[in-house]
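Please open the model in your viewer and keep the sequence panel beside it. The stops below are meant to be followed in order, each beginning with a selection.

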Amino acid sequence: MSQTKFYSDIDSMWTDALENVLASGTAHDSDKGVTQHLYGHCMRLRAGEQRTLLCNPRRAISPHYAAAETLWYMGGMSGVDWLCRYAPQYSRFADPDGTAYGAYGPRVVPQLGQALSLLSADSETRQCVVAVWRPDDLQMAGKTPDMPCTLYWQFVISNDKLHMLVTMRSNDLWLGTPYDVFAFTCFQRLMADELSIDVGDYYHYVGDLHVYERNWQAASEAADVKMESHAHSWATPAGVDWAEAVSDAVEGVDDRAHLIEHDDTLGCMLYDLSIACGNQSRAQCDRLGYVSGAFNYVERNYANRRGS
């Protein structure tokens, strides 16, 4: 069953989805293990109202990996060596040449300039689709360890807000969804800022939404955690060597030729993500003074950027 309501925070959206899958899903013996799954599930998030980094303590996702993966996408990279610094297990998705066949960066980044041009020229367009899945991907099924799970992104403008609709063929709700939503909404923020409009809603459509049996118990425990939806204090700590942290984090990601031509916001987001990469614990990440909206409230950030 799809979630029919809009959520103001990712934690509530995610835990409700866990409950739906565990309570209403069907058991399926897949080639990678037994799952509990739902077909045709949709999650809807007010991405402009709250940060989109999952904070559920039972899931305890890694903020520095979330940041690194997002930077990896933005850099248009497919080699896994840099990303493996943050998640060594990612090496299992690499082909013999050290690249991930389904890496999103090379697939989506070259299309974003044209997507922005289309939205700028026609705010009513329903044709702004950034394709992730390629026709020849069907021929690679079973021949590579990394098939793209995402099919396409769609951007639409309504009421002077940029909405993002993501369609995935398959999504691991426990492992993948929290990182996917964070990374994709970072792109949504950048696109909205380039268009000088607010961030709107985020839609996450999944053909097969599942949780593997090995994670059922943890998922049940996480679903029982109810997070408060409120602002956090983002005070900047003293004694942080910003330059060193950024330098270390963006090694291999500083080739901006593949990135959207952007000024302050892109720079701020790269900076914020880099800082998160350079601080290897949630406690450190929570104390940093982020400014791009990637880890804090978008509305507050949007007002600050415009001096209102």
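Begin by selecting Arg46 and Asp201, whose side chains form a salt bridge in which the closest N and O atoms are 2.8 Å apart. The pair links distant parts of the chain, since Arg46 belongs to the loop between strand S3 (33-45) and helix H2 (63-74) while Asp201 belongs to strand S7 (residues 198-212), 155 residues apart. Bear in mind throughout that this is a predicted model. If you colour by accessibility, Arg46 comes out as partly exposed, with a relative accessible area of 30%, whereas Asp201 counts as buried at 9%.

**Other salt bridges**

The structure holds four salt bridges, and two others deserve a stop of their own. Select Arg58 and Glu221, which form a salt bridge with the closest N and O atoms 2.6 Å apart. Arg58 lies in the loop between S3 and H2 and Glu221 in helix H7 (residues 216-223), so this pair ties together parts that are 163 residues apart in sequence. Both ends are partly exposed, Arg58 at 36% relative accessibility and Glu221 with a relative accessible area of 33%.

Now move to Arg107 and Asp137, where the side chains meet in a salt bridge at 2.9 Å, N to O. Here Arg107 in helix H4 (residues 104-121) is linked with Asp137 in helix H5 (residues 137-140), and the two are 30 residues apart. Is each end of this bridge buried or exposed? Arg107 is buried, with a relative accessible area of 4%, and Asp137, at 0% relative accessibility, counts as buried as well.

**Ile10 and its surroundings**

Next select Ile10, which lies in helix H1 (residues 10-24) and is buried, with a relative accessible area of 2%. Which residues does Ile10 touch, not counting residues up to four places away in sequence? Show side chains for Leu45, Arg51, Thr52, Leu53, Leu54, Pro178 and Val181, which are the contacts of Ile10 on that count. For a distance label, draw a line from Ile10 to Ala47: the C-alpha atoms are 8.5 Å apart in space, although the residues are 37 apart in sequence.

**Aromatic rings and charges**

Then display the rings of the aromatic residues, among which the structure holds 13 aromatic pairs. One of them is formed by Trp82 and Tyr86, a tilted pair with 5.2 Å from centre to centre and 55 degrees between the planes. Trp82 and Tyr86 are both buried. To see a cluster rather than a pair, select Trp72, Tyr73, Tyr90, Phe93, Tyr104, Trp153, Phe155, Phe184 and Phe187, which together form one aromatic cluster.

Two further rings are worth viewing for the arginines placed over them. Centre on Phe6, where Arg44 lies over the face of the ring at 4.3 Å from the ring centre. Afterwards go to Tyr212, where the charged end of Arg214 sits over the ring, 4.4 Å from its centre.

**Strand S6 and its partners**

Select strand S6 (residues 161-172) and show its surroundings: ten of its twelve residues are buried, so the strand is largely enclosed by the rest of the structure. On one side of the pairing to examine is strand S5 (residues 150-158), which pairs with S6 in the antiparallel sense over eight bridges. Within this pairing, Thr150 has Met168 in S6 as its bridge partner. The hairpin of S5 and S6 has two residues between the strands, and Asn159 in that hairpin takes a positive phi near 55 degrees.

Keep Met168 selected and add Val206, which is the bridge partner of Met168 in S7. S6 and S7 pair in the parallel sense, over ten bridges. To follow how the chain connects these two strands, trace the backbone from S6 through helix H6 (residues 177-194) to S7, a β-α-β crossover that is right-handed.

**The whole chain**

Finally, zoom out and show the entire model as a cartoon, in which the secondary structure comes to eleven helices and seven strands. How many of the 308 residues are buried, as a percentage? Buried residues make up 54% of them. If you turn on contacts between residues at least 6 apart in sequence, 72% of these join residues at least 24 apart.

Notes. Residues are numbered from 1 along each chain as its sequence is written. This is a predicted model: local features need pLDDT of at least 70, side-chain atom pairs count only at pLDDT 80 or more; totals for chains, interfaces and linings use all residues. Side-chain values use heavy atoms; hydrogens and water are left out. Helices (H or I, at least four residues) and strands (E, at least two) are DSSP runs, numbered from the N terminus. Buried means under 20% relative accessible area, exposed over 50%, partly exposed in between (1.4 Å probe, protein chains only). Contact means heavy atoms within 4.5 Å. Rings of Phe, Tyr and Trp (its six-membered ring) pair if their centres lie within 6.5 Å; planes under 30 degrees apart count as stacked, over 60 as edge-to-face and the rest as tilted. A charge sits over a ring if NZ of Lys or CZ of Arg is within 6 Å of the ring centre and within 35 degrees of the ring normal. Two strands pair if DSSP finds at least two bridges between them. A crossover is right-handed if, with the strands pointing away from the viewer, the path from the first strand over the helix to the second runs clockwise.
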